[in-house]
Amino acid sequence: EQPGAWRARGFDALLEDFPTLIRESQEGVERVTRIVADLRGFTGVDGAGWEEADMAELIRRVASMVLPMLRERAELVLDIGVLPPLHCHRAQFGRALYNLLRNAAQAMTERGEVRLRAAEAGGAMRIEVADNGCGIAPEHLGRIFEPFYTTRDVGQGTGLGLTAARDIVEAHGGRIEVESEPGKGTVVAIILPVAGNGQGRREADRHVPL
């Protein structure tokens with residue numbers, strides 16, 4: 001056909017939009033890839049990989065992994081008490097804790113502090129991630145564990161990080177509690193039963209800024 005026929009049918013405008021359409025398609029593929037990776041995490045705690053773990057060491061390792069992403073936004077402070085060993089799926093539990101620390105980092109609109117506390121008392125282990133970031137509005141707080149629910153811009157999150165963390169913690173017989181105040185920060189706590197998980201104890205560094 002003649003060039004004029006293409007213009008009459010609007011094909012020239014479509015061709016001009018091709019670079020944008022291709023870029024948006026690539027971004028969509030990347031988002032789907034991240035979603036699939038997160039979905040795979042939901043089923044990982046049912047297979048092999050459960051073992052007795054030194055929880056203080058595991059927590060410090062996860063903190064070291066998230067530090068490169070976090071250090072530009074906040075100071076990470078560890079407050080790890082005397083912890084018993086725990087029978088857990090090390091990789092998946094580490095993933096849950098990593099997700100909570102990553103969320104805390106992303107909540108920082110200006111430089112602040114993320115404090116990672118861990119202690120055992122009364123037959124339960126409490127691992128707490130506290131930040132002084134933007135906080136969560138009350139209307140969003142009740143929905144943060146819903147799959148694909150996110151308040152971030154499109155492409156900035158899958159809305160599965162907290163859902164995956166909750167499912168992993170529940171597979172370990174525990175629960176997650178969240179307290180938040182807009183403009184002041186958020187505290188997310190993992191509570192795990194430790195009865196029957198061994199009598200060993202390990203001293204860990206306290207109040208160690210990273």
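1. A residue is called buried when its relative accessible area is under 20%, and exposed when that area is over 50%, with partly exposed residues in between. This cut-off is a useful place to begin reading this model, which is a predicted one. Cys 88 counts as buried because its relative accessibility is 0%, whereas Cys 134, with a relative accessible area of 37%, is partly exposed. As for bonds between cysteines, the structure holds zero disulfides.

2. Turning to the chain as a whole, the protein has six helices and eight strands, and from the N terminus on these elements follow the order α-α-β-α-β-β-α-β-β-α-α-β-β-β. Of the 210 residues in the protein chain, 38% are buried. The chain exposes about 11,700 Å², and carbon and sulfur atoms supply 51% of that area.

3. It is worth asking how far apart in sequence the residues in contact are. If one takes the contacts between residues at least 6 apart in sequence, 75% of them join residues at least 24 apart. Ala 118 and Ile 80 give a pair to look at in the model, since they are 38 residues apart in sequence, yet their C-alpha atoms are 4.7 Å apart in space.

4. Ala 118 itself belongs to strand β4, which covers residues 112–121, and its relative accessibility of 3% is why it counts as buried. When its neighbours within four places in sequence are left aside, the residues in contact with Ala 118 include Ile 59, Asp 79, Ile 80, Gly 81 and Leu 83, and also Arg 126 and Ile 127.

5. Which residues of helix α6, residues 161–171, are buried? They are Gly 161, Leu 162, Thr 163, Ala 164, Ala 165, Ile 168 and Val 169. In reading such a list, it helps to recall that an α-helix has 3.6 residues a turn, so residues three or four places apart point the same way. After α6 comes Gly 173, whose phi is positive, near 80°.

6. Helix α4, residues 90–106, packs with α6 at an angle of about 145°, and the two axes are 9 Å apart; the crossing in which α4 passes α6 is left-handed. On the α4 side, the contact is made by Gln 92, Phe 93, Arg 95, Ala 96, Asn 99, Leu 100, Arg 102 and Asn 103, and on the α6 side by Gly 161, Leu 162, Ala 164, Ala 165, Ile 168 and Val 169. Sorted by class, this contact of α4 with α6 has eight nonpolar, four polar and two charged residues.

How values were computed
Residues numbered from 1 in each chain as written. Predicted model: local features only at pLDDT ≥ 70, side-chain atom pairs only at ≥ 80, totals over all residues. Heavy atoms only, no water. Helix = DSSP H or I, 4+ residues; strand = E, 2+ residues; numbered from the N terminus. Buried < 20%, exposed > 50% of the residue type's maximum accessible area, 1.4 Å probe, protein only. Contact = heavy atoms within 4.5 Å. Areas by Shrake-Rupley, 256 points an atom, 1.4 Å probe, with all protein chains shown as cover. Disulfide = S-S within 2.5 Å. Axes fitted to C-alpha atoms, helices over the stretch in contact; angles between N-to-C directions. Left-handed = near helix turned anticlockwise from the far one by under 90°. Nonpolar A, V, L, I, M, F, W, Y, C, P; charged D, E, K, R; others polar.
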